[in-house]
Amino acid sequence: MGASRAAADTEAEFRLFAIGQQRTLYRAALVLTADPGAAEDLVQTALMRTYAAWDRLRGEAPAAYARRVMTNANIDRWRRDRGREQLTDEVPEIESRDESADVASRDAVLRALVDLSPQERRVVMLRFLEDFSEAETARTLGIPAGTVKSVTHRAVAKLRASIHMSAGEVAT
Amino acid sequence: MNDPSDCSDVKSFVQEFDLGPVPFLDLDEVVRRGGRQRQVRRAERWAAVAAAAALVAGVVVGVAHVSGRSTTHQPAASISPTPTPTPTPSPSTGGQRLLTARSATISATSVHVKELLGVGLSLDVIVTANGAQGTLLGQGKTSVFLSVGDQIYIKGPVSMPPFLPDSQVAAAHGKWILVTSIGSLFDVHTLYRLGWSFTPYGIPDPTLGSTRDIDEIPTIGLVTQQNFRLYVGVNPPYRPYLVETTPYPTYATYTDWNAPTSPLPPPPSPNDVYVPVLGP
């Protein structure tokens, strides 16, 4: 009785956490994957593993844990799929288009992110969403700080080009 | 140029774009699948405890048997390198080898663990059943690591962003810092926890990989993922000796099993402990 009550409390606590974090996690997942379907899966995986580890997370920051799981799961996913990944000049059809400015803006963001390499997206996520320093990003990804610097430089240049291009499209 | 403060346009680009409708999150499925992993984990824990208990019971029975015969003169069988007459069946599958490695860890009295946690961050500790002590090294600096009373503390200049940023190390003013959110450190909390750290969480039984001699000890690799290998002894007591992961520069070595250890100090007094402010 007591144990089932505790389990119910744990589950309720987790559900509240998941609902509260869903948007934040989805944004990070979109930046990591540039693919709404994959981002959805990544959020689901991160939350599932966070719940599985919930007992061990007492006193920890579960949101930070979930984002860490997500970053790692995305690396695993990329490693698994890279043989199948096809580079193309054509940006995939993101979603049905309409005239809404929001959709156009979202579309522009995803198109910009698609142009980045998986490593560039990981660095962008950590540097600009998580506000990590170069050293923190390097430590988290297990790569040299110099690599973080050059990848950031490259990613920023690409994103700026995309931003300016989409601004031009909107202007015309 | 690459300082985020110089990249406000890019920063707002990724931070503020309209997400649109967030996809439906099947929380029931999340809880169901996550819950299943929790149950598997608990069942595995019980299985390891049972295996460890069986191992201990076997030793006790063996000792009792030998002491019962001690009035008669026997050949010095205890120092003979030959196998015992009724050896424990050697583990054959990856899952069995993993279980025996866990049992060997949990039933040991101590082990020396050296672990590379990431770029420029490493841990060098003696782990016992009741805790662990040693050093944490990062960027040329050294902190003292102490696991005692079911808590982990570090004291010194080493930071571990994002879990323990420089600002929090500075705010500690030389007190012990209570570590609450760094999984790799908790893996060396005690021998029991160490026994559960050999495989990534939620991964099914490992497959057998190639053999390799480590310090002249024949071992075999247990492969749980393409990038993760645990090397365990092929002979009793089937201890773990090395964990390697790639491409991340992460490894852990386990040496000096059952060597004498210094007693653990008592937990720091609450006045000498700083609780870091963490989280999003």
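**Close-up 1. The surroundings of B:Ser110 in this predicted model.** B:Ser110 touches B:Ile126, B:Val127, B:Thr128, B:Leu191, B:Asp256, B:Trp257, B:Asn258, B:Ala259 and B:Thr261, leaving aside residues up to four places away in sequence. The residue itself belongs to strand 1 of chain B, which covers residues 110-118. Is B:Ser110 buried or exposed? With a relative accessible area of 2%, B:Ser110 is buried. One of its neighbours also offers a polar partner: the backbone oxygen of B:Ala259 lies 2.8 Å from a polar atom of the B:Ser110 side chain.

**Close-up 2. B:Lys155 and the residues around it.** Here we look at strand 5 of chain B, residues 151-155, where B:Lys155 is found. B:Lys155 counts as partly exposed because its relative accessibility is 28%. Which residues does B:Lys155 touch, not counting those up to four places away in sequence? They are B:Ser143, B:Val144, B:Gly174, B:Lys175, B:Trp176 and B:Asp272. For a sense of the distances here, take B:Lys155 and B:Leu178: they are 23 residues apart in sequence, and 9.0 Å separates their C-alpha atoms in space.

**Close-up 3. Two loop residues of chain B with a positive phi.** Most residues other than glycine have a negative phi. B:His173 is not a glycine, yet its phi is positive, at about 50°. You will find B:His173 in the loop between helix 4 (166-171) and strand 6 (176-179) of chain B. B:His173 is exposed, with a relative accessible area of 70%. B:Glu216 is not a glycine either, and its phi is positive too, at about 65°. Its place is the loop between strand 7 (207-214) and strand 8 (217-225) of chain B. B:Glu216 is exposed, and its relative accessible area is 75%.

**Close-up 4. A cis peptide bond in chain B.** Most peptide bonds are trans. Here, the bond leading from B:Pro236 to B:Pro237 is cis, and its omega is near 5°. Where does B:Pro237 sit? Look for B:Pro237 in the loop that runs between strand 9 (228-233) and strand 10 (240-245) of chain B.

**Close-up 5. Helix 2 of chain A and its cap.** Helix 2 of chain A runs over residues 36-52, 17 residues in total. How far does helix 2 of chain A reach from its first C-alpha to its last? The span is 24 Å, close to the 24 Å expected at 1.5 Å a residue. At the N-terminal end, A:Asp35 acts as a cap, with a side-chain oxygen 2.9 Å from the backbone nitrogen of A:Gly37. The buried residues of this helix include A:Ala38, A:Leu42, A:Val43, A:Leu47 and A:Tyr51.

**Close-up 6. The buried face of helix 1 of chain B.** Which residues of helix 1 of chain B, residues 8-16, are buried? They are B:Val10, B:Lys11, B:Phe13 and B:Val14. Seen down the helix axis, these buried residues fall within an arc of 160°, so they line one face of helix 1 of chain B. In an α-helix there are 3.6 residues a turn, so residues three or four places apart point the same way.

**Close-up 7. A salt bridge within chain A.** Side chains of opposite charge can pair when their charged atoms come close. The structure holds 11 salt bridges over all chains. In one of them, the side chains of A:Arg67 and A:Glu130 meet, at 2.6 Å from N to O. A:Arg67 lies in helix 3 (residues 62-81) and A:Glu130 in the loop between helix 5 (118-129) and helix 6 (134-141), so the pair ties together parts of chain A that are 63 residues apart in sequence. A:Arg67 and A:Glu130 are both buried.

**Close-up 8. Salt bridges between the two chains.** A:Asp131 pairs with B:Lys11 in a salt bridge, the closest N and O atoms being 2.9 Å apart. This pair crosses between chains, from the loop between helix 5 and helix 6 of chain A to helix 1 of chain B. A:Asp131 counts as partly exposed, at 44% relative accessibility. Another salt bridge joins B:Asp9 to A:Arg160, with 2.8 Å between the closest N and O atoms. That pair also crosses between chains, from helix 1 of chain B to helix 7 (residues 145-171) of chain A. B:Asp9 is partly exposed, with a relative accessible area of 32%.

Technical notes
Residues numbered from 1 in each chain as written. Chains lettered and ligands numbered in written order. Predicted model: local features only at pLDDT ≥ 70, side-chain atom pairs only at ≥ 80, totals over all residues. Heavy atoms only, no water. Helix = DSSP H or I, 4+ residues; strand = E, 2+ residues; numbered from the N terminus. Buried < 20%, exposed > 50% of the residue type's maximum accessible area, 1.4 Å probe, protein only. Arc of directions from axis to C-beta. Contact = heavy atoms within 4.5 Å. Expected span 1.5 Å × (residues − 1). Polar contact = N/O pair within 3.5 Å; in protein donor to acceptor, adjacent residues only side chain to side chain. Salt bridge = Lys/Arg side-chain N within 4 Å of Asp/Glu carboxyl O.
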